[in-house]
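Visitor: Please show me the model. I would like to ask how each label is earned.

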Amino acid sequence: MIQDMKKRNPDLAFVDTRMSSTYSLRKQEIVEDEPPVSELMVRWLAFFTERQQISMEFTRLVSMDLSKSFYGGLGGHLLKHLQLFRSKRFEGMTEMSAILESLDKDALNQRKRTAILQALPWYLRENPSKFLKLCEPTDRKDVIKGMTIGILAVVEDVKEPLPAIYSDVVLVMKEHAVLRKLGDVPNAFMNLMGLLYALNMNYPKDLRYTFEVIQRLFMGIGIESCTARVHTLKYKLLS
């Protein structure tokens, strides 16, 4: 299968069959051996070249559709999230204000989804600056250095929190650009969630509550076991 994935036009039906038939072996290997990302990118190349394999693996693991669960949950409380973010509590927070001011220039739903994902950590009193980075095209190699896990948005204007156009959106793991050309920040988050499940990796420690919200409140996985901080947000969203 590895050799087939290296072809310019791999046999995707063959890859699907092989990924399905090797699921148990792969799960055991990933959980027990905990191979580094660099090794996983060679051993299970399909995750990093054919994004549908991430979705299919996610479904094998939790019996849910990755895209529907992520976007359904994210879109379910768009307005309520934004109301909470605009509360007086955050009037003096520069990062939150910049995101909302950028959104006000063009409040399309896609930009609202991006705004929620970028503002959520600040709302939860977490700092996403090491996880989500914006850089100009010429700086990407330098910015990736030191990134353990995160999203790199390559843009022309790094001062604009919600760019109208992205030159590239990249998933980074252990200083490796593991997925490129993801289009926008919400799609990057969705693929990251799927990849973290597929590779049995922990959420970033600095954003534990942010990813708990995505998992439990947006995607509905383990929603009955929220921490106190996330339970408070859940109550506010439903009130």
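Guide: Start in the loop between α6 (52-62) and α7, where Ser-63 sits. Keep in mind that this is a predicted model.

Visitor: What makes Ser-63 count as exposed?

Guide: Exposed means over 50% relative accessible area. Ser-63 has 64% relative accessibility, so it counts as exposed. Its phi is positive, about 60 degrees, although Ser-63 is not a glycine.

Visitor: Why is Lys-174 called partly exposed?

Guide: The relative accessible area of Lys-174 is 48%. Buried needs under 20% and exposed over 50%, with partly exposed in between, so 48% earns the middle label. Lys-174 lies in the loop between β3 and β4. Its phi is near 50 degrees, positive in a residue other than glycine.

Visitor: Those strands belong to a sheet. What makes β1 and β4 edge strands?

Guide: The open sheet has four strands in the order β1-β2-β3-β4, with mixed pairing. β1 (132-135) and β4 (176-179) each pair on one side only, and they are the edge strands. Neighbouring strands in this sheet are turned by 35 degrees against each other on average, direction ignored.

Visitor: How do you know that β1 pairs with β2?

Guide: Pairing takes at least two bridges. Four bridges join β1 to β2 (residues 149-154), so the two strands pair. They run parallel. Cys-135 stands opposite Val-154 in β2.

Visitor: Which helix lies across β2, β3 and β4?

Guide: That is α12 (residues 185-198). It runs at about 25 degrees to β3 (168-173). α12 also gives the most to the largest nonpolar core, with nine residues.

Visitor: Which residues touch the most other members of that core?

Guide: Leu-195 and Phe-218, out of 68 residues. Leaving aside neighbours within four places in sequence, Phe-218 is in contact with Ser-69, Gly-73, Leu-74, His-81, Ile-116, Leu-117, Leu-120 and Val-213. Another core, of nine residues, lies apart from the largest one. Ile-144, Leu-152, Val-154 and Ala-177 are among its members.

Visitor: Why is α13 described as largely enclosed?

Guide: Count its buried residues. Ten of the eleven residues of α13 (residues 208-218) are buried, so the rest of the structure largely encloses this helix. Among the ten are Tyr-209, Glu-212, Arg-216 and Phe-218. The buried residues of α13 pack against α7 (66-75), α8 (78-85), α10 (109-123), α12 and α14 (228-238). Just after α13, Gly-220 takes a positive phi of about 75 degrees.

Visitor: What makes the span of α9 close to the expected one?

Guide: α9 (residues 94-105) has twelve residues. At 1.5 Å a residue, 16 Å is expected. From first C-alpha to last, α9 reaches 17 Å, close to that value.

Visitor: How do you know that the buried residues of α9 line one face?

Guide: Those residues are Met-96, Ile-99, Leu-100, Ser-102 and Leu-103. Seen down the axis of α9, they fall within an arc of 160 degrees, so they line one face. In an α-helix, residues three or four places apart point the same way, because there are 3.6 residues a turn. The buried residues of α9 pack against α8 and α10.

Visitor: Which exposed residues does the face of α9 turned away from its buried side carry?

Guide: Thr-94, Glu-101 and Lys-105.

Methods
Residues are numbered from 1 along each chain as its sequence is written. This is a predicted model: local features need pLDDT of at least 70, side-chain atom pairs count only at pLDDT 80 or more; totals for chains, interfaces and linings use all residues. Side-chain values use heavy atoms; hydrogens and water are left out. Axes are lines fitted to C-alpha atoms, for helices over the stretch in contact, and angles run from 0 to 180 degrees between N-to-C directions. Contact means heavy atoms within 4.5 Å. A nonpolar core is a set of buried Ala, Val, Leu, Ile, Met, Phe, Trp, Tyr and Cys residues joined through side-chain atoms within 4.5 Å. Buried means under 20% relative accessible area, exposed over 50%, partly exposed in between (1.4 Å probe, protein chains only). The expected span of a helix is 1.5 Å times one less than its number of residues. The arc is that of the directions from the helix axis to the C-beta atoms.
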